[in-house]
Amino acid sequence: MNAVDIILAKRAGQSLSNEQIGYMVQGYTAGSIPDYQISAWLMAICWQGMTAAETAALTMAMVASGDHLDLRLATGLPFVGDKHSTGGVGDKTTLVVAPAVAAAGVPIGKMSGRGLGFSGGTIDKLESIPGFNVNLDREQFIAAVKNVGLVITAQSASLAPADGKLYALRDVTGTVESLPLIAASIMSKKIAAGASGVVLDVKHGRGAFMKTLAAARALAETMVTLGGQVGLPVRAVLSSMDQPLGLAIGNALEVGEAIATLRGGGPADLWAEALALGRELLLMAGVASDAADADARLNQARDSGAAFDMLRRMVINQGGDVRVIDDPALLPTAPIQMPLPAPAVGYVAALDAETLGRASVALGAGRTVKGAAIDFRVGFVLHKKVGDAIATGEPLLTIHAARDAAARDIAPQLLAAYEFSATPPLPLPLTNGVVR
Ligand code: URA
């Protein structure tokens, strides 16, 4: 067996065997197959797709690249929850929903990713908190679930290391948008981390990797089925990502917005999305009797300050500087803050989240080369979203940049993300059902 033959077979549209898929995943994890061959293979998968059997084999090969935890056994807790998003722009939901759910009585042990293509990643966001350690080993991960009730970590040498390597490569090789690659990436992490139940946020629309509701539903069904095959209960909330979630885009800016939301402020859509996801976990854990009860418990966790306190405890436990949680003004801040004025009067009719996501990467919030450093400070804060009335010259958003020239250069791209109308557009839905 060799990598070239396997790349050629996939390029020709053939189904690969479990052995061929395992050979590629193991070889890449061990370092015997180089980046360039795996990049070609990933691109062939993007074009040719994979059958359900191949997707399951890829997922399980990625799980087998490291340890496989059972958090219930390891912690002695009755239920440990997990949450994952397929990726979006301004999607800082994990930083809100995970502390809220943990504070409502369902411990969370979660493995997250870095930025991927035009979408941000929770691990990059958390690293904008000085000192925050995303690299926990198995024992530290288990201890944090048990003692704190909330832990968010990156892939490690022990848990789904194959996904860590493939994810970083996909980020910079144009190989993100693929149903089997996304499904295997997410589900390998979820299966390896060994939660008792998982809620997935499967996004569709302009700022998502799945552009249509039908594609998102197919991805959700694939992941729910993969969970079922290994006895892991999975529910997938289908959510719209036509415009960014909340107002902040960019790592430190999003952490600030998540903190504000946990303190009872923040944008309404972000808390609504957190409720839609958190509710499923509380129901799966048997902590809430129905959706209304789950929402009441989550609102109570937020309003009492317990959810915010849970975030603080996680940050302290993982070595982060908790002073920035108490005072988000201490988060890294860009030296340039430039408003983008509206060129017309009327209403915002559309706001292309992907264009904004790509612009944030260009500004330095994401990577264009594997392993590159990112600038935690940069991004955008939206002042106008779909349906908002605008007057000429009013700021549509504020650009947070490292240099004046960078802010000026990105402005035309940002303006191109907005569409305007003379009459108010129809409101955009936030969620479109749950796949169970
Ligand atoms: N999140 C992941 O972990 N992997 C993907 O491929 C997309 C979103």
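**Exercise 1. Domain separation**

Task: State how far apart the centres of domain 2 and domain 3 lie in this predicted model, and describe the contact between these domains.

Solution. Begin with the separation: taken over C-alpha atoms, the centres of domain 2 and domain 3 are 25 Å apart. Next, locate the domains in the chain. The domain assignment places domain 2 at 71–328 and domain 3 at 334–421, with domain 1 at 3–49. Finally, count the residues that meet: 30 residues of domain 2 touch 28 residues of domain 3, where a contact requires heavy atoms within 4.5 Å.

**Exercise 2. The sheet of four strands**

Task: Determine the strand order of the open sheet of four strands, and explain why one side of S6 and of S7 is left without a neighbour in the sheet.

Solution. The order is S6-S9-S11-S7, and the pairing is antiparallel. Strand S6 (248–249) and strand S7 (336–341) are at the edges; each has a single partner strand, so one side of each lacks a neighbour in the sheet. Now examine the pairing of S7 with strand S11 (residues 395–401): the two run antiparallel and are joined by six bridges. Within this pairing, Pro341 has Pro395 of S11 as its bridge partner. To complete the picture, add the helix that covers this sheet. Helix H17 (residues 353–363) lies across S6, strand S9 (379–382) and S11, and runs at about 140° to S9.

**Exercise 3. The sheet of three strands**

Task: Identify the edge strands of the sheet ordered S10-S8-S12, and state which helix lies across S8 and S12.

Solution. This open sheet has antiparallel pairing, with S8 between S10 and S12 in the order. Its edge strands are S10 (389–390) and S12 (418–421), each of which pairs on one side only. Four bridges link strand S8 (residues 346–351) to S12 in the antiparallel sense. Along this pairing, Tyr347 is placed opposite Ser421 of S12. The helix sought is H18 (residues 404–417), which lies across S8 and S12 and runs at about 45° to S12.

**Exercise 4. H4 against H11**

Task: Classify the packing of H4 and H11 by angle, and describe the residues in contact.

Solution. Helix H4 (residues 52–63) and helix H11 (residues 213–229) pack at an angle of about 60°, and their axes are 11 Å apart. At this angle H4 is therefore oblique to H11. The crossing is right-handed. H4 contributes Thr55, Ala56 and Thr59 to the contact, while H11 contributes Thr222, Leu226 and Gln229. Sorted by class, the contact comprises two nonpolar, four polar and no charged residues.

**Exercise 5. Two left-handed crossings**

Task: Describe the geometry and the residue classes of the H2–H3 contact and of the H9–H10 contact.

Solution. Take H2 (residues 18–30) and H3 (residues 35–48) to start. Their axes come within 10 Å and cross at roughly 145°, and the crossing is left-handed. Met24, Val25 and Tyr28 of H2 meet Asp35, Ile38 and Trp41 of H3. By class, this contact holds five nonpolar, no polar and one charged residue.

Then turn to H9 (residues 161–171) and H10 (residues 179–193). The axes of H9 and H10 come within 10 Å and cross at roughly 145°; H9 passes H10 in a left-handed crossing. Asp163, Tyr167 and Arg170 of H9 contact Leu181, Ile182, Ser185, Ser188 and Lys189 of H10. The classes here are three nonpolar, two polar and three charged residues.

Notes. Residues numbered from 1 in each chain as written. Predicted model: local features only at pLDDT ≥ 70, side-chain atom pairs only at ≥ 80, totals over all residues. Heavy atoms only, no water. Pairing = 2+ DSSP bridges. Axes fitted to C-alpha atoms, helices over the stretch in contact; angles between N-to-C directions. Parallel < 35°, antiparallel > 145°, perpendicular 65-115°, else oblique. Left-handed = near helix turned anticlockwise from the far one by under 90°. Nonpolar A, V, L, I, M, F, W, Y, C, P; charged D, E, K, R; others polar. Domains from an automatic or database assignment.
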